[in-house]
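Me: Could you take a close look at one part of this model for me? I'd like one loop residue placed in its surroundings, with the rest of the chain as background.

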Amino acid sequence: MAHRLRPVGLDFVETAPLRLVFARGIASSPETVYRALAEDVADWPEWFSAVRTARPTEDGTGRQVRLKGGTRFEETILAAEPSEVYTYRVDVTNAPGTRALVEEWRLTRDGTGTRVQWTWAADGTAPFRFAIKLGRAGLGRAFRDAVTKLDRKLSSTHAP
């Protein structure tokens with residue numbers, strides 16, 4: 001059963017009771033990575049294996065995402081600064097125990113490539129927080145695999 005989460009703002013990325021931060025350097029430029037994150041939303045399943053479907057809503061100010069396993073999210077875009085940051089808040093989900101959730105993708109130029117940092121900021125019930133802490137390694141692996149696959153996809157798309 002889907003439930004509405006607490007509406008939080010950009011500051012939640014820094015103040016959330018539960019924050020997981022993962023980072024990885026890749027060869028693709030910040031401009032190219034940002035385009036894949038924020039503009040090519042429907043292509044997320046091609047590089048993020050946990051995502052079954054993703055589509056923009058509300059004239060691009062929102063997203064609907066379905067994960068493998070059945071978890072669903074209705075999201076609002078909080079920040080979309082080209083080549084720098086893409087942040088969204090989950091407004092509605094069927095994930096039990098979730099009270100608030102924001103994900104931030106921060107892009108920093110690193111030589112000719114990009115340092116991609118993903119912050120997963122959440123609040124939830126005690127069992128939710130416990131489960132997420134246990135699953136931290138899995139979320140980190142999912143991030144690394146997704147960003148590596150995204151970089152391969154972008155490199156092959158933009159190869160001479």
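What follows is a walk around S83, and then outwards to the rest of the chain.

Me: Where does S83 sit, and what is it in contact with beyond its neighbours in sequence?

Reply: Bear in mind that this is a predicted model. S83 belongs to the loop that links β5 (72-81) to β6 (85-93). Don't let the word loop suggest an open position: S83 has 18% relative accessibility, and buried means under 20% here, so S83 counts as buried.

As for what is around it, set aside the residues within four places in sequence and S83 is in contact with P30, E31, Y34 and L107. Look at the helix next. α2 covers residues 30-39, and 7 of its 10 residues are buried, which makes it a mostly covered helix. Its buried set is P30, T32, V33, Y34, A36, L37 and A38. P30 and Y34 are on that list, and both are also contacts of S83.

Now the nonpolar interior. The largest core holds 36 residues, and W44, Y86, W105 and W120 have the most contacts inside it. Another core lies apart from it, with 7 residues, including V8, V13, A16 and A100.

R19 is a handy second stop, as two of those core residues turn up again there. R19 is in strand β2 (residues 18-26) and is partly exposed, with 32% relative accessible area. Not counting residues up to four places away in sequence, R19 touches V13, E14, T119, W120, A121 and R136. Of these, W120 is one of the residues with the most contacts in the largest core, while V13 is a member of the other one. R19 also shows how the fold brings distant stretches together: K133 is 114 residues away in sequence, yet the C-alpha to C-alpha distance is 9.7 Å.

Zooming out, the chain has 5 helices and 8 strands, in the order β-α-β-α-α-β-β-β-β-β-β-α-α from the N terminus. Its radius of gyration is 15 Å, close to the 15 Å that the globule rule gives for 160 residues, so the chain is as compact as a globular protein of that length. The C-alpha trace spans about 50 × 30 × 30 Å along its principal axes. Of the 160 residues, 45% count as buried. Take contacts between residues at least 6 apart in sequence, and 55% of them join residues at least 24 apart.

On the outside, the accessible surface is about 8,200 Å², with 50% belonging to carbon and sulfur atoms. For charges, there are 24 positive and 20 negative side chains, and the centres of the two sets are 8 Å apart.

Note on methods: Residues are numbered from 1 along each chain as its sequence is written. This is a predicted model: local features need pLDDT of at least 70, side-chain atom pairs count only at pLDDT 80 or more; totals for chains, interfaces and linings use all residues. Side-chain values use heavy atoms; hydrogens and water are left out. A nonpolar core is a set of buried Ala, Val, Leu, Ile, Met, Phe, Trp, Tyr and Cys residues joined through side-chain atoms within 4.5 Å. Buried means under 20% relative accessible area, exposed over 50%, partly exposed in between (1.4 Å probe, protein chains only). Helices (H or I, at least four residues) and strands (E, at least two) are DSSP runs, numbered from the N terminus. Contact means heavy atoms within 4.5 Å. The radius of gyration is taken over C-alpha atoms; the globule rule is 2.2 Å times the number of residues to the power 0.38. Accessible areas come from the Shrake-Rupley method with a 1.4 Å probe; for residues, only the protein chains shown count as cover. Lys and Arg count as positive and Asp and Glu as negative; His and the chain ends are not counted. The place of a charge is taken as NZ of Lys, CZ of Arg, CG of Asp or CD of Glu.
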